[in-house]
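Got your viewer open and a hand on the selection tool? Let's take a walk through this structure, one stop at a time.

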Amino acid sequence: SLLVFVCSDDSLFVYDCINAEKTTLGNKGQDGKPTDKGSDDILAFAFSPSGDYFALTDDSKRLVLFHTKPSWECVSVRSVNRRGTSLIITAAEDKILVADKSGDVYSYSITEPQAEGKLELGHLSLLLDVALSPDDQYILTADRDEKIRVSLAKAPHYIVSYCLGHKEFVSKILVIPNYPDLLLSASGDSTLRLWEYKSGEEVYCCHLSSICGPETTKTDQVCPCVLKYPVSRITYCCQGGYVAILCDCIPTVYVFQLDATAQQLVYRQKISLTHKIWDIAFEETGDLWILEENSEAPLQLYRPCDGQWKPVTDDKGLQKMSKYLQDNWTVFEGFVGAESHYSCLYKASFDNMAAYLQRKEERLKQQKKKRQDLQHGSNGQTKKMKTEESSTLSCYN
C-alpha cells in the first residue's frame, strides 16, 4: 500500500493508500454494508510516457491519479468496477486504460479526473496485461487463455489480429518503444516471443528453460512454478535495446539485448541474488533497480559498465530510499514469503482413468453381490414352497 519515490532533487515522495479516500465497493449485503471488503494493497501502477502522471489501482477498487510535476500531487481518487490486474496511460496522456479480473478494459479520462470509466473491450477470460502502441492506435490485451488480442483503439470492437502460439497464460506484453511494430510477450509456458503484432506473426521464440534451469536450485523452498519459469516482470531500456526479465520464484534477473534487424533476443547476463526479487526497473540511462525481499538491503542498483551490469553502493538516491525502506519494513512484512501468484493460473490436467476403473470394479462387485443375494433368496423361496407342497400332500394321504 506504500509508494516511495526519489525525486530529481533526491527528496522522497511518500504516499500510503491507507490514507486515500475510501470508495464504496459494488456488492452490498442486506444491511447495506459492502460485502466485498478490499485491502489497500497496490495491484497495478504506471507512469505516463513523459513522467508527468502516475496512476495506480488497489485492492479496494480505487484508481488514484497523481500529477508529478513540478511536485507530486494527488489529482483524483475514483472507483473501478472490478479489481485491476494492469493499467497503462496513453501517449497523449488523456486516458488511463485499466484491465481487470473479469476480462474487461475500461478507460478513465485524465482531462476530466472525476469522470466515470468507459467500457472499451472485453475478453471471456481473466486479463493479465494491457499495452498500447506508441501512437495510441492499437490496444493489446493478454489473457489467461493463451491469447494476445490486437484491437483498434478508436473502435475496440474491431479486432486487427490475434497473436497465437503460447501454450499457457500470457503474463506480460510489451510493445518495444523504439521499434513500434514489434511486441514482446512472456508466458507460463516458459517462453519469450517476438511478434509483428499487426499481422499476428511470430518472428522469434526463446525457451527460458535453457537459460533459467540451473538457477532453480537457489530458491529457499520448492515453488509450484519451478521448472515452468513464468515471467513476472519485463523492463526495457531504449538505450542499447536491453530487456531485463524476472521469473517468478527465481532470485535472478536475466538481461537480453534486442537485435531488431535479425528480430531476435540475445542473452547477455544474469544477476543472481540470495533473496526473492519483487520488482525490477530500468532507468533511461540504463541503471537497473532491483527490489528484494531483504530487510537489511531491500534495494539494489546495478549500473552498466563495459557491457555488464555491476552493483553500485555510493548512489545518494539509493542510500536514501534504502534507509526509508529499512525504517518502514513492517509495511512489507505481510508480503514476505508470499506464495506465487502464477501457480493457480496453469491449466489443470486430470488423469481420472485410474479412479474411473476403480469405481467400475466396485460397481461390478456390487452388482455381482446383488445377483448372488437375489439368487440365494430365490433358492430359499423355492425350497420353502417344495416343503409346503410335501406337507399338503401328506395331509391328503
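**First stop: a pair across two strands**

Select Asp279 and Leu291: Leu291, in E24, is the bridge partner of Asp279. Helices (H or I, at least four residues) and strands (E, at least two) are DSSP runs, numbered from the N terminus. Now widen the selection to E23 and E24 (residues 288-292), which pair in the antiparallel sense over five bridges; two strands count as paired if DSSP finds at least two bridges between them.

Before moving on, keep in mind that this is a predicted model, where local features need pLDDT of at least 70, side-chain atom pairs count only at pLDDT 80 or more, and totals for chains, interfaces and linings use all residues. Residues are numbered from 1 along each chain as its sequence is written, and side-chain values use heavy atoms, with hydrogens and water left out.

**The whole sheet**

Add E25 and E26, and you have an open sheet of four strands in the order E23-E24-E25-E26, with antiparallel pairing. Strand E23 (277-282) and strand E26 (308-312) are at the edges with a single partner strand each, so one side of each has no neighbour in the sheet.

**Salt bridges**

Next, show side chains. A salt bridge here is a side-chain nitrogen of Lys or Arg within 4 Å of a carboxyl oxygen of Asp or Glu, and by this rule there are 14. Pick Arg62 and Asp58: they form one, with the closest N and O atoms 2.6 Å apart. Are these two buried or exposed? Both Arg62 and Asp58 are buried, where buried means under 20% relative accessible area, exposed over 50%, and partly exposed in between (1.4 Å probe, protein chains only).

Jump to helix H3 (residues 353-396) and select Lys365 and Glu361, whose closest N and O atoms are 3.7 Å apart in another salt bridge. They are four residues apart in H3, so about one helical turn separates them. Lys365 is exposed at 54% relative accessibility, while Glu361 is partly exposed at 45%. Back at the earlier pair, salt bridges that share partners join Asp40, Asp58 and Arg62 into one network.

**Zoom out**

Finally, show the whole protein chain: three helices and 26 strands, with 46% of its 397 residues buried. Colour by pLDDT, the predictor's confidence in each residue from 0 to 100: the mean is 87, and 85% of residues reach 70 or more. Where does pLDDT stay under 50? Select residues 216-222 to find that stretch.

Methods:
Contact = heavy atoms within 4.5 Å.
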